Amino acid sequence: MEYRKLPHGEEQISILGFGASSIGAAGEKEIEAAMTMALENGINYFDMASADAAPFPAFGRALAGQRKNVYFQIHFGANYQGGKYGWTTNLDTIKRSVDWQLKSLKTDYIDFGFLHCIDEESDLQHALKGGTLDYILQLKKEGIVRHIGLSSHTPSVVHMALDAGILDMLMFSINPAYDYEQEAEYAIGSVGERQSLYRRCEAEGVGISVMKVFSGGQLLNAKTSPLGKALTEYQCIQYALDKPGVLTVLPGVRDCGDLKRILGFLAASPKEKDYSILGTLAPQAAEGVCVYCNHCQPCPAGLDVGLINKYYDLALAEDELAKSHYASLEKKAGDCIRCGHCDSRCPFHVGQVERMQEIRTYFGE
């Protein structure tokens, strides 16, 4: 397992997490078995936005004696007191639901307390001013909540939360369909807007946990894929992990079979994870945008073209650390020999030769 450090903390988070949205239907024994398998294979990040209440007590039993090895993402606004998931902004209901979740998980603290499913500006304002954020902040002061997060599908709303300076973690929907198709119910924001959000999160040290990595399974089937062609689970996971700010991907796990297959990503070959086919599927609006896929590798001059582009984009987003990271690179944009190898291989038709000159000038080489 590979781990990535939370910028606003010391937590080392597994790149593969566990989405509990669908596992409730598997039954208690299967849920416990899946939790055990996840722990044995190094998964330590669990999102608890579930379709029903079943995973909570099952996880609590499976977790006995291992709480310190696990990070739970708990949603303030997800209500399970009726046995099934319900969304609420009522503070008293939120308090009762959070208390029930803690008792069911047999824990007395929350690693990541999330403002849940905030997709509208009005929802965010209610959370910020209606008592929910104050409640989370009070729990953080008491040591019950360790970090504050937000789950959303809407870039503009996330920017407002970032402006408020309250976030350590963002749960956001990242996949090729949402990033590159025309706006739909959840594919909110243009290519540029979404990419800019990822860069801002990395620049400000806000980690991203990824939901809907397979677009609800649509991307895995050519008949349902908005892109017109099926992608693999591993392509989708690698795509999300390559985005700035991303710490972990949270596929929805239905049973141990799903989890075993997802864990296969760790041993998969680069070819199995290569998503460069997107260059032939994404709309024209995506052309000219470097997504750091490094399909242009190997560079004859030894440049890490994707990393150079990432540091440049982050520097434009006023990330001072990106400038120092760029300065420490052994090969920089100024070392480009203008051979055109990268331009000929880029699936998104980025003019990397010209871009290297632009980056060289920006950093004053």
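This report walks through the sheet of a predicted model, two helices that pack on it, and three loop residues.

**The sheet and its strands**

Let's start with the strands. The model has an open sheet of 8 strands, paired in parallel and ordered 3-4-5-8-9-10-11-12. At its edges sit strand 3 (18-19) and strand 12 (246-249), each of which pairs on one side only.

For a closer look at one pairing, take strand 10 (residues 169-173) and strand 11 (residues 207-211). These two run parallel and are joined by 5 bridges. Within this pairing, M169 stands opposite G207 of strand 11.

**Helices on the sheet**

Helix 5 (residues 132-141) packs on the sheet, where it touches strand 5 (71-76), strand 8 (110-115) and strand 9 (145-152). The direction of helix 5 makes about 155 degrees with that of strand 9. Helix 9 (residues 233-241) lies across strand 11 and strand 12, and runs at about 155 degrees to strand 12.

**Three loop residues**

Now for the loops. T89 is found between strand 7 (86-87) and helix 3 (91-104). K106 belongs to the loop that links helix 3 and strand 8, and C117 to the loop between strand 8 and helix 4 (121-129). Here is how accessible these residues are:

| Residue | Relative accessible area | Class |
|---|---|---|
| T89 | 32% | partly exposed |
| K106 | 61% | exposed |
| C117 | 24% | partly exposed |

The class of K106 follows from the cut-off: K106 counts as exposed because its relative accessible area of 61% is over 50%. C117, with 24%, is partly exposed because that value falls between the 20% and 50% limits.

The backbone of two of these residues may catch your eye. K106 has a positive phi, near 55 degrees, and is a residue other than glycine. C117 is not a glycine either, yet its phi is positive at about 50 degrees.

Which residues does T89 contact, leaving aside its neighbours within four places in sequence? They are I94, H126 and T132. Of these partners, T132 falls in helix 5 (residues 132-141), the helix that packs on the sheet. H126 lies within the range of helix 4 (121-129), and I94 within that of helix 3 (91-104).

Finally, a distance across the model: T89 and K229 are 140 residues apart in sequence, and their C-alpha atoms are 39 Å apart in space.

Note on methods: Residues numbered from 1 in each chain as written. Predicted model: local features only at pLDDT ≥ 70, side-chain atom pairs only at ≥ 80, totals over all residues. Heavy atoms only, no water. Helix = DSSP H or I, 4+ residues; strand = E, 2+ residues; numbered from the N terminus. Buried < 20%, exposed > 50% of the residue type's maximum accessible area, 1.4 Å probe, protein only. Contact = heavy atoms within 4.5 Å. Pairing = 2+ DSSP bridges. Axes fitted to C-alpha atoms, helices over the stretch in contact; angles between N-to-C directions.
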